[in-house]
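Grab your viewer and work through the exercises below. Each one comes with a solution that goes step by step.

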Amino acid sequence: MKRQWLVPLVYALTLFLFAGTALAAPQKSAPIPLRNDISYDAFLMELNSWLSREEFHIDLSAPEYTAEISEDGFTAYLASTPSTTQVAFYTRDGLLYRAVTLYRPDNKEMTADATKLITAICLTNGLTLDEMMKLFQRQKVDDKTQLGHVYCKKTRKDIYTMSHRMDEHVVAVGVYALD
């Protein structure tokens, strides 16, 4: 999966998300792992377990290291679905810090895959259905960006989601935690 169609956009989103941390919660600016209790590899195994269920039923390629978007001490891995919906996983010290899904909203298959991926990421992170509903009641920041926030009881962390229209063709949705 060398150079996917979204690598330049993922790079731009990476910069946006790291800068957007202060936008999401000015008093909380240090990124923290989504979960401390399981490694990135274990998170992926649990995520793939969710994705293999009948309700989701999508295949995610094996994530590959992507140097172009690895920065600020984070190692990035990029995976995709057969529809070419992409997800970037940002890790440090063997733990997952952020998951960013990118897709083309005018493509129904990609939109469906993105919705399933984001939902499965949230479930893997321990969010309940009620917490997910609250998380996705996003507030508009500007014409391109929306932010959502919820406290996850299982992980005892503030979980955020940022949706950003990268351009007229691509939307990115990031899920992350802040200290």
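## Exercise 1: the neighbours of β9

Strand β1 (residues 31–32) pairs with β9 in the antiparallel sense, over 2 bridges. Here strands (E, at least two residues) and helices (H or I, at least four) are DSSP runs, numbered from the N terminus, and two strands pair if DSSP finds at least two bridges between them.

A word on the ground rules: this is a predicted model, in which local features need pLDDT of at least 70 and side-chain atom pairs count only at pLDDT 80 or more, while totals for chains, interfaces and linings use all residues. Residues are numbered from 1 along each chain as its sequence is written, and side-chain values use heavy atoms, with hydrogens and water left out.

Task: find out which residue stands opposite P31 in β9, then how many bridges join β5 and β8 to β9.

Solution.
- Step 1. Start at β1: P31 has L178 of β9 opposite.
- Step 2. Go to strand β5 (residues 95–103), which runs antiparallel to β9 and is joined to it by 6 bridges. One to click on is T101, whose bridge partner in β9 is V173.
- Step 3. Now take strand β8 (residues 157–165), again antiparallel to β9, with 8 bridges. R165 is the bridge partner of V171, and Y160 is that of Y176.
- Step 4. Trace the chain from β8 to β9: a hairpin links them through 5 residues.

## Exercise 2: β9 and its cover

Task: explain why β9 is largely enclosed by the rest of the structure, and sort its side chains by the way they point.

Solution.
- Step 1. Fix the cut-offs: buried means under 20% relative accessible area, exposed over 50%, and partly exposed in between (1.4 Å probe, protein chains only).
- Step 2. Count along β9 (residues 171–178): 8 of the 8 residues are buried, so the strand is largely enclosed by the rest of the structure.
- Step 3. Split the side chains. V171, V173, V175 and A177 point one way, A172, G174, Y176 and L178 the other way, and all are buried.
- Step 4. Check β8 too: 8 of its 9 residues are buried, which leaves it mostly covered.

## Exercise 3: from β7 to β8, and two positive phi values

Task: how do β7 and β8 pair, and is R156 buried or exposed?

Solution.
- Step 1. Strand β7 (residues 145–152) and β8 run antiparallel, joined by 8 bridges. C152 sits opposite K157 in β8.
- Step 2. The two strands form a hairpin with 4 residues between them. R156 lies in this loop, and its phi is near 55°, a positive value in a residue other than glycine.
- Step 3. R156 has 67% relative accessibility, so it counts as exposed.
- Step 4. Repeat with H57, in the loop between α2 (40–51) and β2 (64–65). Phi of H57 is near 45°, again positive in a residue other than glycine. H57 counts as exposed because its relative accessibility is 62%.

## Exercise 4: the largest pocket

Task: which residues line the largest pocket, and which helix gives the most to the lining?

Solution.
- Step 1. Define the thing. On a 1 Å grid over the protein atoms alone, a pocket is an open set of points with protein on both sides within 12 Å along at least five of seven lines, and lining residues have an atom within 4 Å of a point.
- Step 2. Size it: about 190 Å³ of space lies in the largest pocket. Grid points are joined across faces, edges and corners, and the volume is the space filled by probe spheres set on them.
- Step 3. List the lining: Y103, A114, T115, I118, T119, L129, M132, M133, F136, R138 and V173.
- Step 4. Assign helices. α3 (108–124) and α4 (129–135) each supply at least two residues, and α3 gives the most, with 4.
- Step 5. Class the residues: 8 are nonpolar, 2 polar and 1 charged. In this scheme Ala, Val, Leu, Ile, Met, Phe, Trp, Tyr, Cys and Pro count as nonpolar, Asp, Glu, Lys and Arg as charged, and the others, Gly among them, as polar.

Note on methods:
1 Å grid on protein atoms, 1.4 Å probe; cavity = no way out; pocket = protein on both sides within 12 Å on 5 of 7 lines; lining within 4 Å.
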